[in-house]
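The exercises below are to be worked through with the sequence and the model in view. Each task is followed by a solution in steps.

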Amino acid sequence: MRLSIIRRMMPFLIAGLPLALPGVELPEIIGDNAVFQQQSEARLWGWSKPGSKVKVTPSWSDGKSYTAQADNLTGRWVVEVETPKASFDAQSVSFEDNESTVTINNVLIGEVWFCSGQSNMEMPLRGFWCQPVEGAAQAIAYSGKYPGIRMVTIPKKGAYQPQDKVEGRWKESLPENAADFSALAYYFATSLTDMLNVPVGIISCAYGGSKVEGWMPKEKLDTYAGWDMAKEENDPAMNEYERIGVMYNAMLHPVIGYTVKGFLWNQGESNVGRHDEYPEHQRDMVEIWREKWGRGDLPFYFVELPGWKYGNGDETAAAYFRECQHRAAEITPNSGIVCTTDLMYPFELEDIHARKKREIGERLAFMAAARTYGVNGVPHTYPTFKSVELNGSTALLRFNNADAGLNPNMNLPGFEVAGDDRIFYPANATEDWNERTVTVSSDKVNDIKAVRYCFHNFAIGQLKDMYGMPLVPFRTDNWDEAKRSVTN
């Protein structure tokens, strides 16, 4: 940050203790290279001498200034500044009190998104150890083509009390910076700026291994049976990423209110096995975030759980969790989930950090373009199960969002059927291209009672619509998953 100090303060001593009169102090997130949300009242804040007045003057306001009053005890002040339409023209903002003036430069006006979750959101373009991001070299090398993309990465921290300050400075999209950018968020940003032709700012605030409950405040967690933040605080053996509430306090709380267009979320691996409670917990988290930001029902778009060899011998634990994620989207207003069951390689069974981040980022951007920005014609829906007709040894399936049919392949893997014994067997599946239906059967099941598709921890979906959007994994039964295991 370039600082312009118009009055230098002279230190002096009182009763032998050094004392310096405070000047304007800004959080790191409000600094050089920042992106502010276009056509909004962008919230800016900082600290100054308690009780003092702070004048905020944006370069785009034709000389108009805004005045904030520093709190009499903490010195914290908040001001909301009107922003114009998006532009790639660099701007500046000055902050002045009686002691100093601070100016931030190279500011852009565009679209800002808050990206959070665990390691698959955190994963940078450079990848993790022995876990690459597909196409990373090209993305990093060509990142200078997107000067309007900026990203701030909030460092991983935990705390048991809400914090007011956290590190994290905006970085321009350049090869020297891009390797450390969240890969998923970066691909979202490039896709969105390609479609909208505006600057895009990303706040990357993710912690690998964190639970959804890690991003919620204690007052809410205390209402959940079986979740005890105070007990965890006194457990010295527990890893920080396993703890609840601490990411909210140390990473989220200090940047709450930075004006954004919406939220992106990629999380769930650490909550597998808790599918009964997860939809309500995620909905509660979204409600809390929206309340804290005070901007209404900001869009919340999130990512389906990746395939992996989730433990404990349950081959369907992740499948039930994906199902509950779609339930979370149903019960949370202005939210949506992107399906990713096709974005894996067979050799990634033991790699929870799938390398196809570009496609996920694009799908999130497609959803945002269509649902948030009203760009007509952008593919953003997925084929989903609609109904089943059980006809003895065959079952006839119909789907939503498949009016143009599904991909015309003669071989449709991924389907399974079961009879009254609840043992599932791989099924033969054929598509009627005229009726847009799929018929499944198995010589091992004479009287089909249930059909499942890609309902495993790790199952690569190959059935897609004409735009390449994958069929969402599903089951037609409501059986207790603990009764019988699925036969491969």
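Two strands pair if DSSP finds at least two bridges between them. Helices (H or I, at least four residues) and strands (E, at least two) are DSSP runs, numbered from the N terminus. The model is predicted: local features need pLDDT of at least 70, side-chain atom pairs count only at pLDDT 80 or more, and totals for chains, interfaces and linings use all residues. Residues are numbered from 1 along each chain as its sequence is written, and side-chain values use heavy atoms, with hydrogens and water left out.

**Exercise 1. Two sheets**

Determine the strand order of the open sheet that contains strand 19, and name its edge strands.

Solution. Step 1: the four strands of this open sheet follow the order 19-18-22-23, and their pairing is antiparallel. Step 2: strand 19 (424-426) and strand 23 (474-475) are the edge strands, each pairing on one side only. Step 3: strand 18 (residues 415-418) is joined to strand 19 by three bridges, and the two run antiparallel. Step 4: V417 has Y425, in strand 19, as its bridge partner.

Carry out the analysis for the open sheet that contains strand 16.

Solution. Step 1: its four strands have the order 16-17-21-20, again with antiparallel pairing. Step 2: the edges are strand 16 (384-391) and strand 20 (428-432), each of which pairs on one side only. Step 3: from one strand to the next, the twist averages 25° (axes are lines fitted to C-alpha atoms, for helices over the stretch in contact, and angles run from 0 to 180 degrees between N-to-C directions). Step 4: five bridges connect strand 20 with strand 21 (residues 437-441) in the antiparallel sense. Step 5: the bridge partner of D432 is T437, in strand 21.

**Exercise 2. Aromatic rings**

Classify the pair formed by W215 and W265, and locate both residues in the chain.

Solution. Step 1: rings of Phe, Tyr and Trp (its six-membered ring) pair if their centres lie within 6.5 Å; planes under 30 degrees apart count as stacked, over 60 as edge-to-face and the rest as tilted. Step 2: the ring centres of W215 and W265 are 6.5 Å apart and the planes meet at 85°, so the pair is edge-to-face. Step 3: W215 lies in the loop between strand 12 (200-206) and helix 5 (218-221), whereas W265 belongs to strand 13 (residues 262-266), 50 residues apart. Step 4: W215 and W265 are both buried (buried means under 20% relative accessible area, exposed over 50%, partly exposed in between, with a 1.4 Å probe and protein chains only). Step 5: both belong to one aromatic cluster, whose members include F114, F263 and W289.

Is W308 buried or partly exposed?

Solution. With a relative accessible area of 25%, W308 is partly exposed.

**Exercise 3. Helix 4 and the loop before it**

Check the length of helix 4 and state how far it is enclosed.

Solution. Step 1: the expected span of a helix is 1.5 Å times one less than its number of residues. Step 2: for the 14 residues of helix 4 this gives 20 Å, which agrees with the 20 Å between its end C-alpha atoms. Step 3: 11 of the 14 residues are buried, so helix 4 is largely enclosed by the rest of the structure. Step 4: among the buried residues are Y186, Y187 and F188.

Which residues does A179 touch, not counting residues up to four places away in sequence?

Solution. Step 1: A179 lies in the loop between helix 3 (175-178) and helix 4 (183-196). Step 2: A179 touches P124, L125, R126 and I140 on this count, contact meaning heavy atoms within 4.5 Å. Step 3: A179 and P124 are 55 residues apart along the chain, and their C-alpha atoms are separated by 6.4 Å.
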